[in-house]
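Subject: A structure for you to look at

Hello,

I am passing on a structure that I have been looking through. Please open it first, and then read my notes below with it on your screen.

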Amino acid sequence: MRIVNHLIHGEMIAGTGRHADVFNPATGEVSKQVALADRATMQLAIDSAKSAFPAWRKTPPAKRAQVMFRFKQLLEDHEAVIAKLISEEHGKTLEDATGELKRGIENVEFACAAPIILKGEYSRNVGPSIDAWSEMQPIGVVAGITPFNFPAMVPLWMYPLAIVCGNCFILKPSERDPSSTLYIAQLLQEAGLPKGVLNVVHGDKEAVDALIEAPEVKALSFVGSTPIAEYIYSEGTRRGKRVQALGGAKNHAVLMPDADLDNAVSALMGAAYGSCGERCMAISVAVCVGDQIADALIETLTPQIKALKIGAGTNCGLDMGPLVTGAARDKVKGYIDAGVAQGARLVVDGRDLVVAGNESGYFLGGTLFDNVTPEMTIYTDEIFGPVLCIVRVSSLEAAMQLINEHEYGNGTCIFTRDGEAAHLFVDEIEVGMVGVNVPLPVPVSYHSFGGWKRSLFGDLHAYGPDGVRFYTRKKAVTQRWPQRASHEAAQFAFPSNG
Ligand code: NAD
């Protein structure tokens, strides 16, 4: 059986203790095993990153960027291999995996601008013969802990930027689909990254706790579910670390009575059922303003949900693959059962889907509920599966109140032709990423990604300008070169230009 090992100090290091099974979700078979690091193995990676830091922080940003230019090319050259690795372990379709990789590459492109990003600010003559500047210095050893649902893109949100800012990085990927993440890191080594600047250590809670507790690790970026995000934020900040911890979501789409229905339905189909709903920006609630748009939406959506092409993600031309594990599939099924028990109307039931030839795969069909109310668990909880819930309300204000009262605030969108309604929505909605007729408003790499409320713990969002702030600390320098011949007496009043 193939074992997925650690990448430490530029070498593949075999696991010494526990291992976990990695499944092919389309067949239900164990395809590989992944090493789960113990504390001693994690310490090897921390020591490696620490030893690489002094030389790397002194490497000119333009040289750091040159590694990223080569890395970008390698990623593009190996796009098909990476997409297949993602699909084989995550289950998402090849087209979706390729899309994820392309969005990840955009973050590498942003990191290629390191010399411009790190230019700093300069002010001449802030006092007599005195100049001042602010510069951004790296933090040191920093770490990232990432979820299963974007094994290529989410790590690429983190380490390219952290590294071009002069830091050394330890990545702890999801143990459920580690192969593409490791392969991509190996391409970065091939691009010329010095040993130890990026280490990849697989593992579970033991490995993560070793990172949280290590005094050498100065900052933690986390993306995953809300309970773990909250744990990592509180334990990390308690130890004086800088932490950004992105959590779960429940993303609502508001359909106004004047929405362009056909386009809204196409947008909802992709946003609710793409990647089997396993996206933190997936739309899982459609809030319909008025019964007319709700009835029309159900009539148009229903046949399209029933016609979803579902199968092994590695086959081309499909809409949806399986869920990532049997446990994930059973959890989503449990939510559908609960929705029925709690009184929602099940319009399309995906529970009994069988994919011919893949009978043991973790498949579910697209599912649609109507008449969902705010106290039902299918409304309160993140289901993370192909389930769309329709909530009926009578006004835009009621729709916004519903969204603002939800504990999560990652993404949302409004479908309308009314500019005034869209303006009000954008202004007053308590959500971090908002779309107007755009169902998945994932910011491009030169903006930053982050939710509000219990979707993000910390102050700075991921990647883009906030990512630069997160992975650097500011130093303000005030400089004067006195003229040789002059001598000034001591001044005891606080220096000022007054
Ligand atoms: P998860 O929280 O189970 O795992 C995320 C990471 O934390 C993994 O590397 C895992 O090994 C580690 N981990 C798990 N349990 C741990 C524990 N007890 N102690 C320490 N570390 C632990 O999340 P997941 O199931 O891999 O991913 C899905 C979740 O991630 C969803 O909730 C989704 O909304 C969220 N997500 C959020 C964003 C965002 O940007 N907000 C993006 C992608 C995914």
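In what order do the strands of the open sheet of three strands lie? The order is β1-β5-β4, and the pairing is mixed. Before you go further, please keep in mind that this is a predicted model.

**The sheet**

As a reminder, strands of a sheet pair through backbone hydrogen bonds, either parallel or antiparallel. Here, β1 (2-4) and β4 (19-24) are the edge strands, each pairing on one side only. From one strand to the next, the twist averages 40°. If you want to look at one pairing in detail, try β1 with β5 (residues 29-35): these two pair in the parallel sense, over three bridges. You can find one such partnership by picking R2, whose bridge partner in β5 is K32.

Now add a helix to the picture. Helix α3 (residues 79-90) lies across β4 and β5, and runs at about 100° to β4.

**The two domains**

The domain assignment of the protein gives domain 1 (3-247 + 455-477) and domain 2 (251-436). Their C-alpha centres lie 31 Å apart.

How many residues of each domain are in contact with the other? The answer is 22 residues of domain 1 and 26 residues of domain 2. The size of an interface is often given as the accessible area lost when the parts come together. For domain 1 and domain 2, about 2000 Å² is buried between them, with 57% of it on carbon and sulfur atoms.

There are polar links as well: eleven residue pairs are in polar contact across the interface of domain 1 and domain 2. On the side of domain 1 that touches domain 2, the elements giving two or more residues are α3 and α4 (94-111). Helix α3, which you have already met lying across β4 and β5, gives the most to that side, with five residues.

**Salt bridges**

Side chains of opposite charge can pair when their charged atoms come close. The whole structure has 29 salt bridges, and one is found across the interface of domain 1 and domain 2. Two pairs are good to look up. The side chains of D96 and R279 meet in a salt bridge at 2.9 Å, N to O. Those of R18 and E206 also form a salt bridge, at 3.2 Å, N to O. This second pair links distant parts of the chain, 188 residues apart: R18 is in the loop between β3 (11-13) and β4, while E206 is in helix α8 (residues 205-213).

Enjoy exploring, and write back with any questions!

Best wishes

Terms used
Residues numbered from 1 in each chain as written. Predicted model: local features only at pLDDT ≥ 70, side-chain atom pairs only at ≥ 80, totals over all residues. Heavy atoms only, no water. Pairing = 2+ DSSP bridges. Helix = DSSP H or I, 4+ residues; strand = E, 2+ residues; numbered from the N terminus. Axes fitted to C-alpha atoms, helices over the stretch in contact; angles between N-to-C directions. Contact = heavy atoms within 4.5 Å. Domains from an automatic or database assignment. Buried area = accessible area lost by both parts, 1.4 Å probe. Salt bridge = Lys/Arg side-chain N within 4 Å of Asp/Glu carboxyl O. Polar contact = N/O pair within 3.5 Å; in protein donor to acceptor, adjacent residues only side chain to side chain.
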